[in-house]
Each structure stands twice: as structure tokens, then as C-alpha cells.
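Please open the model in a viewer and keep the sequence panel visible. The tour proceeds by selection, with a short account at each stop.

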Amino acid sequence: MNVLLLWLCFLIDTHALFTPDSECGKTKGCYSDCGDDGTTFLISWTSDSTAVNFTIQVELTSNADQYGAIGLSNSQSMDDTSVTSCLMTNSANTITAQNSYNTGRSNSPVTPNPTDGLSGATGSYIGNVFTCSFARTLTNTNPQVFDLNSDYYILYARGSVSGGNTIQQHAASGRSFSSVKVDLQSLTNVCAGVDMRVKAHGCIAIIAWMILANLGYFIARYYKPLWSSKKVFGSDIWFLIHRVLMVSAAVLTIISFGIIIQGKFTVGSNNFERSHPYIGIIVFCFVIINPVLGILRPDKQSKYRPVFYWVHYCIGAGVLILGLINIFIGIRLEETDTSNQAYYVFLGYESFQIAMIVVLEVLKYLEGKQAKPVESDREMTAVSSDGVADKEEAKKDKVEQPYAWTVKLILLCVHVIITVILPLAVVGIVATSTSTHQHDQH
């Protein structure tokens with residue numbers, strides 16, 4: 001079910017892209033997100049003795065009142081930034097440009113005249129691409145309108161406009177910063193930088209949920225009979241493996257959460273993307289709760305044991321699904337700077353997991369038709385308080401259904417290999433598919 005949801009989300013929420021200008025770095029300077037499959041924004045410029053002529057192109061899904069803006073900063077922060085915005089209002093029939101200044105997280109038009117030093121503002125909205133051009137003088141007497149003879153980090157933002165001339169805070173995924181300072185007198189072609197904490201957060205979460213938690217779940221539900229007759233330190237091997245995998249997943253989730261919580265909380269430009277941090281917090285909470293429930297599980301003879309089993313199982317399965325959906329949302333965020341290859345590998349991984357569930361459920365049904373199920377193969381409630389399974393029952397089951405054991409052993413090997421290889425491929429794509437590079441042509 002969850003793979004169908006992911007496919008649907010992928011189909012209806014694909015980012016619109018447009019082809020960057022082939023003249024970038026040749027006859028004009030450019031700054032964009034430099035995606036492998038296209039770009040969602042492009043800022044280009046040429047200069048003369050008195051002004052820099054800018055063109056801002058932004059992918060926008062509608063002609064509602066919105067803006068695209070270029071910021072110039074001495075750091076890769078929105079604070080203390082000179083901003084020039086192109087405002088598209090009145091159903092794209094009115095295009096204006098204005099200067100403003102960021103103080104902390106607040107933006108205010110420069111006074112007394114926000115259009116001082118700007119001229120020739122023109123624009124259009126065609127095919128979901130908003131294009132705006134204007135000229136900005138090299139120098140200005142207002143200290144909040146920076147001198148264009150100096151080098152700056154270029155910041156890009158897009159967002160909504162209210163009241164016809166007031167820009168609102170940019171969408172969280174609708175902003176970026178250049179990887180290096182840019183000389184606006186040169187023909188530099190520079191790409192957006194990426195926050196490596198975001199990539200670290202994503203890579204750790206992928207390992208935790210696509211590998212560790214996934215295998216922990218499958219071993220507990222489908223593969224425990226393979227080890228029910230074997231124990232270490234008085235506990236079933238399957239139970240120890242399950243515990244190690246799930247505790248490791250919980251630890252990595254906490255680390256991943258700690259890395260990203262130091263940054264901003266809000267992400268995304270639509271409800272689908274904005275759900276990522278909220279789902280993440282839900283997952284984080286239950287990652288703490290479920291292991292505690294496991295430690296406090298009632299004895300096998302307790303009347304509350306079945307209740308514990310279903311609560312523990314439902315939380316575990318539900319959080320696993322939420323974790324995987326959240327990973328899918330995460331790799332689609334602009335902040336991750338990840339190519340479409342990660343989406344396809346992820347969807348291939350999810351399709352494989354669904355196929356494994358179908359095969360293992362059918363095998364489990366056939367086992368139940370031919371022999372009385374071993375209680376420990378049905379649920380965790382069969383594990384005694386110290387984790388010891390019924391050794392004799394497991395041996396009998398193995399003798400009576402040798403084909404099932406062989407098939408499950410083969411499936412386990414295939415499952416482990418695929419469940420490790422595909423997520424590591426996603427990790428590799430997320431970690432390395434960055435566009436942080438620059439080409440200078442003078």
C-alpha cells in the first residue's frame with residue numbers, strides 16, 4: 001500500500017524544470033541550482049560601466065502574486081543582505097522591481113525610495129516560468145543598497161506578495177545561496193551550495209530505516225523460525241538480532257534528528273513537503289516509546305501479553321511506514337540537492353519490499369495449512385520472559401516442513417543483500433549528487 005502512495009506522490013508532485021541558458025559563462029554570468037535534469041531558477045547578469053543588468057527566471061506553479069529575488073551578502077546568511085526583488089502581481093500583468101534589506105529574519109523596503117538605482121523593469125509569465133529583467137546601478141548612496149563593484153555571495157529566494165508590494169517570507173525550499181563569492185563584473189557560472197548537515201541527516205536516516213529497521217521488522221515477523229531452536233545467552237538468536245537492529249536504528253534516528261534540529265524547522269513549498277519535519281517528530285517520539293515498551297513487556301503468562309504484542313507490533317509497523325514515506329519526502333526536498341536517480345532507486349526498493357511481503361505472507365499461509373503453527377512463529381508473545389523459544393517444537397516444525405525452511409533461508413539471503421545494496425545506492429546518490437561547483441570565464 002505504501003509503495004502505491006509513494007508512486008502517486010511522485011507522479012503528482014514532480015518539480016517543474018526549465019533548461020538553463022547555454023550562454024551562461026560565455027556571454028553572461030549566471031547563478032542557478034544547476035540540476036542534472038534542469039533548473040528551478042536562474043539569475044543571469046551582464047555589466048557595463050554604470051550598471052549591472054539582471055534577469056531572474058523562476059519556476060512558479062501559478063500566476064498568483066509572487067516574487068523572485070536576488071540577495072547580496074558577505075556571508076551565506078539572509079541576515080544583513082541587500083535584496084532586489086521582482087514582484088509579479090495582478091495575475092502577472094504588473095511587474096515591478098524594488099530594493100529592500102534583511103535585518104535578521106526581517107525584510108524591509110529601503111527608505112526613502114525602494115526603487116532608487118533601479119530601471120527598466122520588465123517581465124512575463126509563460127509556461128510556469130516567471131522572467132523579470134532590470135538594471136541596477138553599480139553604486140548607490142544608500143548603504144543598504146550594496147556597491148556592485150565588490151564580490152558577494154548571491155542568495156536567491158521566492159515567495160508570495162501581499163498588498164501589491166509587500167514581499168512575504170520566502171518559502172523554505174524556495175531559497176538558496178551560492179557556494180562562493182561572486183564577481184558581478186565577470187562571466188561566472190556558479191551553482192547553489194548545499195548544507196552538508198542536510199545530507200548527513202538524510203544519509204543516516206536512510207541507513208536507520210531502509211536497512212536496520214526494515215530488517216529488524218522482517219526478521220521478527222517472518223524469519224524467526226530459522227533460529228527458534230538456537231539461542232545465545234539464554235535468548236533466541238532472532239530476538240537478539242531484532243533487538244540489535246532496532247536499537248541501532250533508534251540510535252541512528254536520534255543522531256540524525258540531533259544533526260538537523262540545529263537548523264531550521266520549516267521546509268517545503270507545499271503541504272506534501274512541509275509534512276516532513278512533523279512526520280519526523282512523530283517517528284522520533286515513537287522510536288523512543290517502542291523500545292521502552294519492549295523492555296517493559298509482560299511475562300508470557302500475563303493476560304496483558306497479547307495487548308502488548310499488538311501495540312508493539314502496530315507501533316513498529318506504523319512507524320516503519322512513516323519513516324520510509326518521510327525518507328521519500330526528504331530526498332525530494334530542494335535542500336537535499338539530490339538527482340532523480342535517488343527517487344527511482346527508492347521506488348525500486350519499496351517495490352521489492354512489497355513483493356517480499358506478498359511472498360512471505362503466502363509462504364506463511366501455506367505453512368499454516370500443512371502444520372500447526374509454532375506459536376513463536378506467530379507472535380512475540382511466544383517468547384518467554386527471558387526470550388527462550390520452544391526448542392523441541394521448532395525442531396519438529398523444521399523436520400515436517402523442510403521446503404519452507406529452505407525457501408525462507410534463500411529469501412532471507414536475497415532480502416538482506418537487496419535491502420543493503422539499494423539503500424546504500426541511495427546514500428551514495430544523496431551524498432554525492434551536489435552541484436556545488438563554479439566555472440569562470442572572463
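A charge is said to sit over a ring if NZ of Lys or CZ of Arg is within 6 Å of the ring centre and within 35 degrees of the ring normal. Select K224 and W238 to see such a case: K224 lies over the face of W238, at 4.3 Å from the ring centre.

The model is predicted, with local features requiring pLDDT of at least 70 and side-chain atom pairs pLDDT 80 or more, while totals for chains, interfaces and linings use all residues. Residues are numbered from 1 along each chain as its sequence is written, and side-chain values use heavy atoms, with hydrogens and water left out.

**Strands**

Select residues 94–103, which form strand β6; strands (E, at least two residues) and helices (H or I, at least four) are DSSP runs numbered from the N terminus. Seven of the ten residues of β6 are buried, so the strand is largely enclosed by the rest of the structure. Buried denotes under 20% relative accessible area, exposed over 50%, and partly exposed in between, with a 1.4 Å probe and protein chains only.

Add strand β5 (residues 81–89), which runs antiparallel to β6 and is joined to it by nine bridges; strands count as paired if DSSP finds at least two bridges between them. Then add β7 (residues 106–109), also antiparallel to β6, with four bridges. Which residues does Y101 face in these two pairings? Its bridge partner is S82 on one side, and S108 in β7 stands opposite Y101. At the turns, select N90, with a positive phi near 55° in the four-residue β5–β6 hairpin connection, and G104, with a positive phi near 65° in the two-residue connection between β6 and β7.

Next, select V190 in strand β13 (residues 189–191). V190 is buried, with a relative accessible area of 0%. Its C-alpha is 8.7 Å from that of G25, although the two are 165 residues apart in sequence.

**Nonpolar cores**

A nonpolar core is a set of buried Ala, Val, Leu, Ile, Met, Phe, Trp, Tyr and Cys residues joined through side-chain atoms within 4.5 Å. The largest has 52 residues, and W209, M210 and Y223 have the most contacts inside it. Helices α2 (196–223), α3 (237–260), α4 (271–295), α5 (305–332), α6 (341–370) and α9 (402–432) each supply at least two of its residues. The largest share, 15 residues, comes from α2. A second, separate core of 33 residues includes F54, V58, C86 and C132.

**Aromatic pairs**

Rings of Phe, Tyr and Trp (its six-membered ring) pair if their centres lie within 6.5 Å; planes under 30 degrees apart count as stacked, over 60 as edge-to-face and the rest as tilted. The structure holds 15 such pairs. Select F146 and Y152, a stacked pair at 5.5 Å centre to centre with 25° between the planes; both residues are buried. F257 and F284 are likewise stacked, at 4.2 Å and 15°. F257 lies in helix α3 and F284 in helix α4, so the pair ties together parts 27 residues apart in sequence.

**Salt bridges**

Finish with the two salt bridges, each a side-chain nitrogen of Lys or Arg within 4 Å of a carboxyl oxygen of Asp or Glu. D21 pairs with K28, the closest N and O atoms being 2.9 Å apart. E361 meets R221 at 3.0 Å, N to O. This second pair links helix α6, which holds E361, to helix α2, which holds R221, across 140 residues.
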